[in-house]
Amino acid sequence: MTGELAEAHSLVEANLFVVVTPCPACGRGPLSAAGPPAAPTSITPANLTLEARCAKCSSTKTFVFALPGRTGSRAIVRPTAINSEDSPSRIIDVAQWLTLAKMIGDAAAAETDRIQARHLLIDVGQCLNEALKFYDDEDNDLPPPGALFHDASRRRFRDHPEEFSRRRLLDARSRLPVATESEGAAAGCWGIARWFTEMTP
Ligand SMILES: [Zn+2]
């Protein structure tokens, strides 16, 4: 990647970006962060570096993210939310949030530990919230063109616009659990953090 660095709001968001990025060597992917997901290769006040490995061809790729200056590194590494700001992600587009919601929802369905399944479903809700941040006009049920960053996302939108219906996303979100007060905001990202650990090669 040349030019401006991609900006991540948290380590979790950076890890999720790696998961939805196809492997540049074989095109099949998926990539996953090599090593414990809570421990980036390097973190400075300005940058976060992640080493990723392809599950198919084992080639590695290094990702460097810029960190928004206003967030402390503890909030980056152990966030209570993927992105605690109202503005949408700069690195994961609306279609990729839908992909992540499906992947994490499938992991929740296959999970035998009831508490982990609940945490995963809470995090599916977080992914839908991230997707919904892209919708700018109350009257428009579909996201604006700027919400799609990649050709593959634009193709998916063209072929299956119904998947992007705001009403559909709100309806899906309303059926998901949200963290209770006693679980606290800390429940946010627990499910995803363990999910990363399980996929680490
Ligand atoms: Zn590969």
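This tour proceeds through a predicted model of one protein chain, selection by selection.

**The whole chain**

Begin with the entire chain in cartoon representation. Seven helices and five strands are present, and from the N terminus the elements follow the order β-α-β-β-β-β-α-α-α-α-α-α. Of the 201 residues, 35% are buried. If one takes the contacts between residues at least 6 apart in sequence, 68% of them join residues at least 24 apart.

**Helix H1**

Next, select residues 11-19, which form helix H1. Is this helix enclosed by the rest of the structure or exposed? Nine of the nine residues of H1 are buried, so the helix is largely enclosed by the rest of the structure. The buried set includes Glu 13 and Asn 15, together with Leu 11, Val 12, Ala 14, Leu 16, Phe 17, Val 18 and Val 19.

Within H1, centre the view on Ala 14. Beyond its neighbours within four places in sequence, Ala 14 is in contact with Ala 8, Leu 48, Leu 50, Phe 63 and Phe 65. Strand E4 covers 47-54 and strand E5 covers 60-66, and these two ranges may be coloured before moving on.

**The largest nonpolar core**

Keep Ala 14 selected and add Val 94 and Ile 104. These three residues have the most contacts inside the largest nonpolar core, which has 48 residues. The elements giving two or more residues to this core are H1, E4, E5, helix H3 (94-110), helix H4 (114-132) and helix H7 (190-199). H3 gives the most, with nine residues. The core also draws at least three residues from each of domain 1 (6-77) and domain 2 (94-199). In soluble globular proteins, nonpolar side chains tend to be buried together.

**H3 against H4**

Now display H3 and H4 alone. Their axes come within 9 Å and cross at roughly 170 degrees; the two helices are therefore roughly antiparallel to each other. To see the contact, show the side chains of Val 94, Trp 97, Leu 98, Leu 100, Ala 101, Ile 104, Gly 105, Ala 107 and Ala 108 on H3. Opposite them, on H4, are Ala 117, Leu 120, Leu 121, Asp 123, Val 124, Cys 127, Leu 128, Glu 130 and Ala 131. By class, the residues of this contact comprise 15 nonpolar, one polar and two charged.

**H4 against H7**

Hide H3 and bring H7 into view. How do H4 and H7 lie relative to each other, parallel or perpendicular? They pack at an angle of about 110 degrees, with their axes 7 Å apart, and are therefore roughly perpendicular to each other. On the H4 side, select Gln 116, His 119, Leu 120, Ile 122 and Asp 123; on the H7 side, select Trp 190, Gly 191, Ile 192, Arg 194 and Trp 195. The residues of this contact divide into five nonpolar, three polar and two charged.

**The loop between H2 and H3**

Two residues deserve selection in the loop that runs from helix H2 (73-77) to H3: Pro 79 and Asp 86.

Which of the two descriptions, buried or exposed, applies to Pro 79? Pro 79 is buried, with 21 other C-beta atoms within 10 Å. Apart from residues up to four places away in sequence, Pro 79 touches Ser 10, Val 12, Ser 84 and Cys 189. A distance drawn between the C-alpha atoms of Pro 79 and Val 12 reads 7.6 Å, although these residues are 67 residues apart along the chain.

Asp 86, by contrast, is exposed, with 6 other C-beta atoms within 10 Å. The C-alpha atoms of Asp 86 and Glu 130 are separated by 8.9 Å, with their positions 44 residues apart along the chain. Glu 130 has already appeared on the H4 side of the contact with H3.

**Two further loop residues**

Turn to Ser 58, in the loop between E4 and E5. Most residues other than glycine have a negative phi. Ser 58, however, has a positive phi of about 65 degrees although it is not a glycine. With 12 C-beta neighbours inside 10 Å, Ser 58 counts as exposed.

Finally, select Asn 140, in the loop between H4 and helix H5 (151-159). Asn 140 is exposed, with 10 other C-beta atoms within 10 Å. Add Arg 166 to complete the view: the two residues are 26 residues apart in sequence, and their C-alpha atoms are 8.2 Å apart in space.

Terms used
Residues numbered from 1 in each chain as written. Predicted model: local features only at pLDDT ≥ 70, side-chain atom pairs only at ≥ 80, totals over all residues. Core = buried A, V, L, I, M, F, W, Y, C linked by C-beta atoms within 7 Å. Buried ≥ 20, exposed ≤ 12 C-beta atoms within 10 Å, placed from the backbone. Helix = DSSP H or I, 4+ residues; strand = E, 2+ residues; numbered from the N terminus. Domains from an automatic or database assignment. Contact = placed C-beta atoms within 7 Å. Axes fitted to C-alpha atoms, helices over the stretch in contact; angles between N-to-C directions. Parallel < 35°, antiparallel > 145°, perpendicular 65-115°, else oblique. Nonpolar A, V, L, I, M, F, W, Y, C, P; charged D, E, K, R; others polar.
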